[in-house]
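Please open the model in your viewer and follow the selections below in order.

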Amino acid sequence: MKHIDIKKVLFDSDMVGTSVVVCGWVRTFRDSAQVSFLELSDGTSFEKLQVVIDKSALSVDPECTKLGASVVARGKVVKAYKGEGHELEAEAIAILGKCPPEYPIQKKRTTLEFLRGIPHLRLRTNTFQAVFRVRSVAAQAIHRYFHEHGYYYINAPLITASDCEGAGEMFRVTTHPWNAKYATEEEYCKNDFFGVKAGLSVSGQLEGEVAATALGKIYTFGPSFRAENSNTTRHLAEFWHIEPEIAFAELPDVIEIAEDLLKYLVRTVLEECAAEIKFFDSFVEKGLIEKLSHVAASDFAVCTYTEAIAILEKENANFHFPVHWGSDLQSEHEKYLTEQVFRRPVFVTDYPKEIKAFYMKQNPDGKTVAATDLLVPGIGEIIGGSEREADYDKLVAAMRERGMDTSAYRQYLDLRLFGSVPHGGFGLGFERFVMYCTGMENIRDVTLFPRASKTIL
Ligand code: 4AD
Ligand code: MG
């Protein structure tokens, strides 16, 4: 159907005085003695197009005035009677799809929880339209950042035989029928589709290292899967993951790149989604614009895990899980550090090796690894990264300590045999980044169809 985007009709000054056709969904309808007003949204802009109907000149099918109905309207573009932008003086309006009164998105503000129950319709609301516009702009900005900085975009496999993080959170991939009976797991896997135990990848990092140790700078941007049973507001079973991997990079380089990327993304969202961020600032997180502008302009903090523990131990009485050197940081500790102590994003570095993955570079102290997590207010961990262990013997030793089968990682180990180089990278959780930029507090509200434990809508 020949028609023009509402965004163009609203804001392109060349449009004034022309006759156009627009399509959209009815967002509001107001009636008075001589005129009535329809507000239409076609998804192209945050603002809606007001269609003015002169009742003496045009009689409109009542179905076209129902909330949620889809219509096509022809009319003349004029300057808006009030405010900026343009409106449409209707010449003809026809129904495309009727919408009965049971339509669950009504004018009164509904709760996010209610909307979670209708994931197929919640995108018709201002909040979700704004979330998904920010998400799209951020995704484009990620590709642009890496492209402009000379990184190659790599697609790591989603089906894999190696558990990168070693946390035992892999979903199994199998074609065996539910009643298959085998004496041992080995026999079961041997007879399965791939002939080995296969699963969905928790991270593209191991393959990313393969690419980086040939192409120099690479990144992946795709889904990762984790069978995490933690039913929290920041974990999904399927999330999108940005993982740059850089040859010749040591931990300080990794930190510098992560900070630069994050600031670039925040700046881009502020510039390209001004209307959306203003909306979130008004209705979702007061002070969001100030928070994001501050993040884009100031330096992030850096502190070692050991320093962080010393700070946190003083507050142990107030924590649900008291900390000591060696304990993993829980969300409450991460939030305390970034929200109360540093009051800005903070890179925590050099964690105890026991609580981090096998591949991280071992520090000379024999106790810690060259890892970093970036913690941000409101969310906690948004990035996890490290310099990688480039020494063959040390890597094998770390794997043996964890009881890992080194033969399953032959290719990964080969990278340390043939021209090994210092290298590192990080993983940014895309949904967590979108939460951070929008102020949305539940990861399920920045994902089209969230997948989590006992949730597949
Ligand atoms: O800290 P993680 O587990 O690190 C890795 O996977 C590394 N292989 C990354 C790398 O160095 N290339 O995960 C990285 C980030 C986390 O900081 C978090 O933002 C996000 O991925 N993340 C999740 N997001 C949503 N739901 C989950 N279940 C997530 N698990 C991790
Ligand atoms: Mg992590």
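Begin by selecting L158, I159, F193, F194 and V196, a nonpolar surface patch with about 470 Å² of accessible area together. Patch members have over 30% relative accessible area and no salt bridge, and nonpolar side chains (Val, Leu, Ile, Met, Phe, Trp, Tyr) are joined within 5 Å; areas come from the Shrake-Rupley method with a 1.4 Å probe, only the protein chains shown counting as cover for residues. Within the patch, F193 is exposed at 59% relative accessible area (exposed means over 50%, buried under 20%, partly exposed in between).

The model is predicted: local features need pLDDT of at least 70 and side-chain atom pairs 80 or more, whereas totals for chains, interfaces and linings use all residues. Residues are numbered from 1 along each chain as its sequence is written, ligands are numbered from 1 in the order written, and side-chain values use heavy atoms, without hydrogens and water.

Next, select ligand 1. A nitrogen atom of ligand 1 is 2.7 Å from an N or O atom in the side chain of E165, and a nitrogen atom is 3.0 Å from one in the side chain of S203. The protein covers 94% of the 630 Å² that ligand 1 has accessible on its own.

Then turn to the salt bridges (a side-chain nitrogen of Lys or Arg within 4 Å of a carboxyl oxygen of Asp or Glu). Select R135 and E431, whose closest N and O atoms are 3.1 Å apart. R135 lies in helix α3 and E431 in helix α13, so this salt bridge ties together parts 296 residues apart in sequence; both residues are buried. Finally, select E209, E245, R388 and R416, which a network of salt bridges links.

How values were computed
Patch = residues over 30% accessible without salt bridge, like charges linked within 9 Å, V, L, I, M, F, W, Y side chains within 5 Å. Buried < 20%, exposed > 50% of the residue type's maximum accessible area, 1.4 Å probe, protein only. Polar contact = N/O pair within 3.5 Å; in protein donor to acceptor, adjacent residues only side chain to side chain. Helix = DSSP H or I, 4+ residues; strand = E, 2+ residues; numbered from the N terminus.
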